[in-house]
Amino acid sequence: MHDHVSRPEPGSGEALVRVEAAALNFSDLLMIEDGYQVRPPRPFIPGQEIAGTVVSTGPATGLAVGERVMSKVPWGGFSEYSVVRADMAMPIPAEFSVASAAALPVVYTTTLVALTEITTVMSGETVLVLAAAGGIGLATVQIAHHLGAHVIAAAGGEAKCRLAREHGAHHCVDYGLGGWVEETRELTADRGVDVIVDPVGGKFTGEAMRLLGWGGRLLLVGFSSGEIPRIAANRLLLRRASALGVYWSHDRDSAMLRRTARRMDELLRAAVIRPHLGAICEFDELPDALLALRRRETTGKIVLAVQGSAIP
């Protein structure tokens with residue numbers, strides 16, 4: 001049995017989008033479990049990353065009916081229609097499917113904010129990417145490679161390591177095996193890494209911090225392990241290193257996000273950004289897809305085909 005909600009109406013500065021595809025994020029799981037910093041009133045519809053077609057607009061949107069857009073939404077993306085804020089919506093490139101477009105607004109924005117705003121990754125620096133075969137991980141591998149960094153990917157298993165190398169990692173260490181920290185240290189000739197991108201948390205943060213080089217930056221993106229790590233402040237002090245949180249909000253960071261959107265558009269046009277769709281699921285498969293995401297059985301992005309349309 002399915003519950004139904006009324007079709008929403010856009011207000012000023014908003015548009016109603018017919019959702020054709022929506023991407024899954026680990027934060028959806030946290031929101032469902034009431035463990036996320038955004039806590040919508042219950043009952044609610046999850047889903048924060050969508051792509052589709054504008055079907056109506058409120059005043060002062062600048063969007064047109066029929067326009068194809070992708071957008072982050074606070075929640076409500078796993079539905080046939082979703083209201084989007086005009087300042088969050090981005091045009092879908094002509095050559096992109098809606099499935100690929102749905103994989104862009106959250107993870108690629110987060111990655112660009114991390115690597116070009118929270119810190120600036122310079123050509124020649126070494127970047128270590130944890131969970132490198134996931135959504136954030138593959139986006140980081142691609143963009144760090146484009147920025148001229150030497151990219152070391154850390155992933156669980158040879159298949160995920162191979163995927164990270166296909167997307168631009170120069171080396172991949174399997175942290176499903178013992179000794180991945182020592183292997184990474186050898187790859188840097190004991191100098192350590194300049195930047196760590198960590199969407200995992202838990203014990204992996206502590207292990208990775210042993211690899212921070214002089215003046216290194218630990219970028220905390222999320223805690224998909226389910227455990228918030230304790231940061232060893234002595235390691236930061238002795239390496240003159242920094243731990244930086246990667247978080248963004250359209251209300252607080254509008255100017256930064258406009259810069260980020262322009263960078264994303266440039267990288268899309270240059271074919272630098274190539275989202276990897278690990279799976280496309282139908283509505284009835286959503287619970288299983290969320291469970292697979294929880295169990296780390298996925299790669300890249302899982303996309304939900306919302307309107308039943310054929311999505312290549």
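Student: Where does Asp28 sit in this predicted model?

Tutor: Asp28 lies in helix α1, which covers residues 26–32.

Student: How do you know that Asp28 has no salt bridge?

Tutor: Look at the nearest side chain of opposite charge, Lys301, which is 7.0 Å away from Asp28. A salt bridge needs a side-chain nitrogen of Lys or Arg within 4 Å of a carboxyl oxygen of Asp or Glu. Lys301 at 7.0 Å doesn't meet that cut-off, so Asp28 is buried without a salt bridge.

Student: What makes the pair Asn25 and Asp28 a polar contact?

Tutor: The backbone nitrogen of Asn25 lies 2.8 Å from a polar atom of the Asp28 side chain. The limit for such a pair is 3.5 Å, so 2.8 Å fits within it.

Student: Which residues is Asp28 in contact with, leaving aside its neighbours within four places in sequence?

Tutor: Those are Ala23, Gly47, Gln48 and Phe78.

Student: On to Val55. Why is Val55 called partly exposed?

Tutor: Its relative accessibility is 27%. Buried means under 20% and exposed means over 50%, so Val55, at 27%, falls in between and counts as partly exposed.

Student: Where is Val55, and what is it in contact with?

Tutor: Val55 is in strand β2, residues 49–57. Leaving aside neighbours within four places in sequence, Val55 is in contact with Arg7, Leu16, Arg18, Val65 and Tyr81.

Student: How far apart are Val55 and Glu95?

Tutor: In sequence, 40 residues; in space, 21 Å from C-alpha to C-alpha.

Student: Now the empty spaces. What makes something a cavity and not a pocket?

Tutor: In a cavity, a 1.4 Å probe fits but cannot get out, while a pocket is open. Searching the whole structure for cavities of 30 Å³ or more finds one. The largest cavity has a volume of about 40 Å³, so it passes that cut-off.

Student: Which residues line the largest cavity?

Tutor: Among them are Ala103, Tyr108, Leu138, Pro275, His276 and Lys301. Helices α3 (107–118) and α4 (135–146) are the elements giving two or more residues to this lining. The largest share, three residues, comes from α4.

Student: And what about the second largest pocket: which residues lie nearest its centre?

Tutor: Val5, Ile45, Phe78, Ser79 and Glu80 do, out of 33 lining residues. This pocket has a volume of about 1,100 Å³. Strand β4 (81–85) and helix α10 (286–294) each supply at least two lining residues, and β4 gives the most, with five.

Terms used: Residues numbered from 1 in each chain as written. Predicted model: local features only at pLDDT ≥ 70, side-chain atom pairs only at ≥ 80, totals over all residues. Heavy atoms only, no water. Helix = DSSP H or I, 4+ residues; strand = E, 2+ residues; numbered from the N terminus. Buried < 20%, exposed > 50% of the residue type's maximum accessible area, 1.4 Å probe, protein only. Lys, Arg positive; Asp, Glu negative; His and termini not counted. Polar contact = N/O pair within 3.5 Å; in protein donor to acceptor, adjacent residues only side chain to side chain. Contact = heavy atoms within 4.5 Å. 1 Å grid on protein atoms, 1.4 Å probe; cavity = no way out; pocket = protein on both sides within 12 Å on 5 of 7 lines; lining within 4 Å.
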